[in-house]
Amino acid sequence: GRPLLRLRLSLLTALAASGWTFAAGLTEQAFVELTRSSLLRTAGLAAGGAVAFRTGAAISVIGQPRMPPLPSSKYSSVGTRLVRVPGSGCRARIFYPCEAPPDGSAAQAPYLTEGRATSDGMASLVAFDKVGLSFLLAHLATATSGCVPEAPVVAAVPKLPLLVYSHGFGGNMDMGAYLMRSMAAAGAIVVALEHMDGTASRTVLPDGEILPFSPGMLSAHDQLACRARELADAAQPGALPSDIAACVDWDRFFLGGHSYGGPAALAGCQELNRRGRSPPAGLVLHDPALAMGPAALMTPKVPTRSYVSDEYNRAGVRCGDTFHCVGAFHGNFVDAALWAPLWVMRTLSLVIPAAGPVEPCAFHNALARDNVAFMSDPVGRTAPGASATKSTPAVPGNIAGANRGDAVWTAAAADVDDGGVVFECVS
């Protein structure tokens, strides 16, 4: 890690300084004592810094994660249900607008469906358990989702678009719960899958067996095929509880995903075609890891809106109409930036891209509203905007030289609660 790197650099500096002093006339014993002293001081500083960070971080996660508010949302209450998808049998978590509790206070579903078992599985993926940082995720086990379990679905008129969503490599159906909640509040029904291809951080199979993260269980080809089947199985009325299915506009069902879920959504389109079923109305992709899928599948044949982070934008990731979310990192497309105070998550971003400079609550709300606006009119809406129903085609351009209406949308122009989130058209 970085403390070890600093230790090594300090050691080299100490050796160089000691060698110069020795040449000037110090005895060998003095050289040894000087080197030992320098090493002890450096090790003490590194250890002290690590202890201070760990202590500060452990205290700081008290009262975390931070649940984003739902400013200016279409619906004030969101329900959630856990289902098994008929056919494949994979688990899915549904987020949907629900009837507000009469007294305004209802029990909330947990953030993680299986509490500590889920958080430990997530921690092991990034080796937190190996370096004593599991506590950075353990508190998620007792967090709430802000959603009402098993609540009655809202009587939606008109009916709502449906998004069937595929998690990333090492993800699960829970780790984007706050973002899915924001989408539901904006006016969509979201089905977050938990895949059984071995790439979920942990899942429970239909027979009750626990399947831990097992990326070598299937070949890359078979992983993607499994995900595609599960997406296709979930994107039909019989996969949802009847009251929720009745609220879906089945002419506006979408596939989507984060990271590895991007190629999965594209493969899902091919699977629907193979089954002789209608294609989705479009795709909603968050930082799609296109390199993890076969090139032949990575060109969308339906309206597609992709949102890319700073690092994916620098890598030139493009799929359909692509918008650079300025200041967002890969973890901003799930809830990672909200799991602990920003100073903790941004420090960790020196190692893993957990939280970018963008304000995470504002980003979630801006992203959710634009996703739902696109799903409401995928053909007419090719540029972002919270209030417009149709707009001119998106034109690539930079922030300084672009018109907000066609190339760059600043969320603060539509809603001050969005904190100036900027989506820049790049393709």
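1. Let me start with a pair worth opening first: arginine 305 and aspartate 370 join their side chains in a salt bridge, with N and O 2.6 Å apart. (A salt bridge here is a side-chain nitrogen of Lys or Arg within 4 Å of a carboxyl oxygen of Asp or Glu.) Arginine 305 belongs to strand S10 (residues 304-308) and aspartate 370 to helix H11 (residues 360-376), so the pair ties together parts 65 residues apart in sequence. Arginine 305 and aspartate 370 are both buried, where buried means under 20% relative accessible area, exposed over 50%, and partly exposed in between (1.4 Å probe, protein chains only). Elements are DSSP runs numbered from the N terminus: helices are H or I with at least four residues, strands are E with at least two.

2. A word on what you are looking at. This is a predicted model, in which local features need pLDDT of at least 70 and side-chain atom pairs count only at pLDDT 80 or more, while totals for chains, interfaces and linings use all residues. Residues are numbered from 1 along each chain as its sequence is written, and side-chain values use heavy atoms, with hydrogens and water left out.

3. Now the overall picture. The protein has 12 helices and 13 strands, and 56% of its 427 residues count as buried. Among contacts with a separation of 6 or more, 69% are between residues 24 or more positions apart; contact means heavy atoms within 4.5 Å. The exposed surface comes to about 17,400 Å², with 62% of it supplied by carbon and sulfur atoms. Those areas come from the Shrake-Rupley method with a 1.4 Å probe, and for residues only the protein chains shown count as cover.

4. Back to the charges, since the structure holds 12 salt bridges. Aspartate 174 and arginine 93 form one of them, at 2.7 Å from N to O. Aspartate 174 sits in the loop between strand S4 (160-166) and helix H5 (177-186), and arginine 93 in strand S2 (residues 91-97), so this pair links distant parts of the chain, 81 residues apart. Both aspartate 174 and arginine 93 are buried.

5. Which residue does aspartate 233 pair with in a salt bridge? The partner is arginine 275, and the closest N and O atoms are 2.7 Å apart. Aspartate 233 lies in helix H6 (residues 220-234), and arginine 275 in the loop between helix H8 (261-274) and strand S9 (282-286); the pair therefore ties together parts 42 residues apart in sequence. Aspartate 233 counts as buried because its relative accessibility is 10%, whereas arginine 275, at 31%, counts as partly exposed.

6. Helix H5 deserves a look of its own. It is mostly covered, with 10 of its 10 residues buried; among them are Tyr178, Leu179, Met180, Arg181 and Met183. The buried residues of H5 pack against strand S1 (78-84), S2, S4, strand S5 (189-194), S9 and H11. Just after H5, glycine 187 takes a positive phi of about 115°.

7. Two backbone angles are worth checking by eye. Most residues other than glycine have a negative phi, and most peptide bonds are trans. Serine 259, in the loop between strand S8 (248-258) and H8, has a positive phi near 60°. Its relative accessibility is 9%, so serine 259 counts as buried. Aspartate 287, in the loop between S9 and S10, also has a positive phi, near 45°. Aspartate 287 counts as buried because its relative accessibility is 0%.

8. Is histidine 324 buried or exposed? At 9% relative accessibility, histidine 324 counts as buried, and it lies in strand S11 (residues 321-325). Its side chain makes a polar contact with the side chain of asparagine 313 at 3.5 Å. (A polar contact is a pair of N or O atoms within 3.5 Å; within protein, one must be able to donate a hydrogen and the other to accept it, and residues adjacent in sequence count only if both atoms are side-chain atoms.) Not counting residues up to four places away in sequence, histidine 324 touches residues including Val308, Asp310, Phe423 and Glu424.

9. Finally, valine 334 is in the loop between S11 and helix H10 (342-348), and it is buried, with a relative accessible area of 12%. Leaving aside neighbours within four places in sequence, valine 334 contacts Met175, Gly176, His258 and His364. The C-alpha atoms of valine 334 and glycine 171 are separated by 9.2 Å, with their positions 163 residues apart along the chain.
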